[in-house]
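Here's a quick briefing on the structure shown below. Have a look at the model first, then skim the notes by topic.

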Amino acid sequence: MKQVTKGQWNGYDTYILHSRELEVTLLPSLGNNVISILDHTLNRQVVRRPDDNDLEFYLQKPYHFGMPMLIPPGRIRGGHFEYEGRSYQFDRNTAGDNHIHGLHRTQSWRVSDIEEDEEGCAVTSEFLTSDDPHWMEQFPAPLKLEMTLRLQGSKLTQHLKVTHLGDHPIPFGIGFHTWFLLDGQPGEWTLTLPVSAEYALDKDLITTGELLPLGPLDQLNQGLNLAGTNFDTPLRIGEGQPAEALLMRSDGYGLKYSADPKYYKHWVLYTKGKADEFLCIEPYTWLPDAPNLAAGPDLTGLIRIEPKASIEMDLTLDMIYPSEDH
């Protein structure tokens with residue numbers, strides 16, 4: 001039961017991690033995205049899975065499915081920033097000639113290790129950004145990305161290691177655009193998300209660095225029912241607050257999504273219009289447009305990586321099941 005098997009999606013190899021509770025499908029050759037989490041206990045899909053006929057759309061916008069990585073996350077004004085005397089220009093890929101959602105899209109990762117033991121199973125994959133000429137044109141700093149996806153029962157952990165192979169310090173940010181399903185019943189779901197403030201956005205939906213009071217969104221700290229919500233909202237994790245989201249259904253079923261508090265300072269909530277089928281709960285290390293903001297890294301979360309240095313961080317998804325007497 002605790003094993004890794006191989007499959008395919010549209011002719012691309014997948015690696016499927018199995019436990020009694022979950023079946024998790026990784027698509028290394030198209031962005032190393034977790035494209036499916038099937039909960040055997042309820043025979044329910046947990047995240048937005050691409051159908052076989054979604055290949056063309058997936059290739060254009062892979063961050064619309066599963067648990068995709070954004071490196072870096074969010075928008076960058078004009079796609080341009082400077083850092084320590086060096087100029088960086090990312091693709092302008094929005095209607096307003098800004099950049100959105102980073103350089104990591106459908107690059108092919110190499111599976112380097114598979115583990116199976118009594119506790120669970122794991123797949124480790126890696127990617128060298130120097131293998132992608134277009135990445136290097138925009139962000140000329142060679143990075144080695146390594147991700148270990150480990151499944152233990154009803155717990156899924158993503159361990160990411162980023163190693164800077166270049167010769168000058170760089171700014172770094174990452175986020176995950178994770179699509180959780182609401183099954184067309186948002187009123188059955190409540191989100192608890194410890195946050196301290198909302199970030200102001202300008203007309204281009206780019207963060208300004210200004211903090212706003214939560215107002216009605218303060219209910220997130222106690223539990224906010226998702227009926228009628230419409231999110232495209234960046235939020236700050238307050239000092240001393242846990243970096244975790246609790247998404248619970250009215251029958252006691254749900255999940256806890258936790259981020260490494262050392263690096264993850266922000267959440268973005270996104271419902272793609274009025275909440276119905278999806279709620280994206282997106283942990284970000286840096287605030288969108290971080291290098292261009294006057295605020296320092298304590299606010300923006302911008303990570304400085306020195307030459308030959310590495311950073312490591314975890315994301316964890318824990319499924320929650322109703323107690324027998326619920």
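By class, how many nonpolar, polar and charged residues does the lining of the second largest pocket have? It has four nonpolar, three polar and four charged ones. Keep in mind that this is a predicted model. Beyond the pockets, there's a nine-stranded open sheet to look at, plus 15 aromatic pairs.

**Pockets**

- The second largest pocket comes in at about 240 Å³.
- Its lining includes a run of neighbours, Arg236, Ile237, Gly238, Glu239, Gly240 and Gln241. Pro261, Tyr264, Lys265, Pro297 and Asp298 line that pocket too.
- The largest pocket has a volume of about 360 Å³, and 18 residues line it.
- If you want to start from the middle of the largest pocket, Arg75, Ile100, His101, Asp232 and Tyr270 are the lining residues nearest its centre.
- Strands β22 (232-236), β25 (266-270) and β26 (278-284) each give at least two residues to the lining of the largest pocket.
- Sorted by class, the lining of the largest pocket has nine nonpolar, five polar and four charged residues.

**Aromatic contacts**

- The model has 15 aromatic pairs in total. One of them is Phe81 with Tyr88, a stacked pair with ring centres 4.9 Å apart and 20° between the planes.
- Both partners are tucked away: Phe81 is buried at a relative accessible area of 0%, and Tyr88 is buried at 1%.
- Tyr88 also pairs with Phe139, with centres 5.3 Å apart. That pair counts as tilted because its planes sit at 35°, and the stacked label needs planes under 30 degrees apart while edge-to-face needs over 60.
- The Tyr88 and Phe139 pair links distant parts of the chain, 51 residues apart. Tyr88 belongs to strand β9 (residues 86-89), while Phe139 is in the loop between α2 (133-138) and β13 (143-152).
- Like Tyr88, Phe139 is buried.
- Elsewhere, ring pairs tie Trp9, Phe57, Tyr58 and Phe65 into a cluster.
- There's a charge over a ring as well: Arg48 lies over the face of Trp179, 4.9 Å from the ring centre.

**Sheet and strand pairing**

- Nine strands make up an open sheet with antiparallel pairing, in the order β11-β12-β13-β14-β28-β24-β23-β18-β21.
- At the edges are β11 (110-116) and β21 (224-225), each of which pairs on one side only.
- Inside that order, β18 (residues 189-192) and β23 (residues 244-249) are joined by four bridges in the antiparallel sense. Thr192 has Leu246 in β23 as its bridge partner.
- Strands β19 (residues 197-201) and β20 (residues 207-212) also run antiparallel, with three bridges between them. Here Tyr199 stands opposite Leu211 in β20.
- The hairpin of β19 and β20 has five residues between the strands, and Leu205 there takes a positive phi near 60°.

**Cys121**

- Where does Cys121 sit? Its place is in strand β12 (residues 121-128).
- Cys121 counts as buried because its relative accessibility is 0%, and the cut-off for buried is under 20%.
- From Cys121 to Ala275 the distance is 34 Å, C-alpha to C-alpha, with the two 154 residues apart in sequence.

Technical notes. Residues are numbered from 1 along each chain as its sequence is written. This is a predicted model: local features need pLDDT of at least 70, side-chain atom pairs count only at pLDDT 80 or more; totals for chains, interfaces and linings use all residues. Side-chain values use heavy atoms; hydrogens and water are left out. Rings of Phe, Tyr and Trp (its six-membered ring) pair if their centres lie within 6.5 Å; planes under 30 degrees apart count as stacked, over 60 as edge-to-face and the rest as tilted. Buried means under 20% relative accessible area, exposed over 50%, partly exposed in between (1.4 Å probe, protein chains only). A charge sits over a ring if NZ of Lys or CZ of Arg is within 6 Å of the ring centre and within 35 degrees of the ring normal. Two strands pair if DSSP finds at least two bridges between them. On a 1 Å grid over the protein atoms alone, a cavity is a set of points where a 1.4 Å probe fits but cannot get out, and a pocket is an open set with protein on both sides within 12 Å along at least five of seven lines; lining residues have an atom within 4 Å of a point. Grid points are joined across faces, edges and corners, and a volume is the space filled by probe spheres set on the points. Ala, Val, Leu, Ile, Met, Phe, Trp, Tyr, Cys and Pro count as nonpolar, Asp, Glu, Lys and Arg as charged, and the others, Gly among them, as polar.
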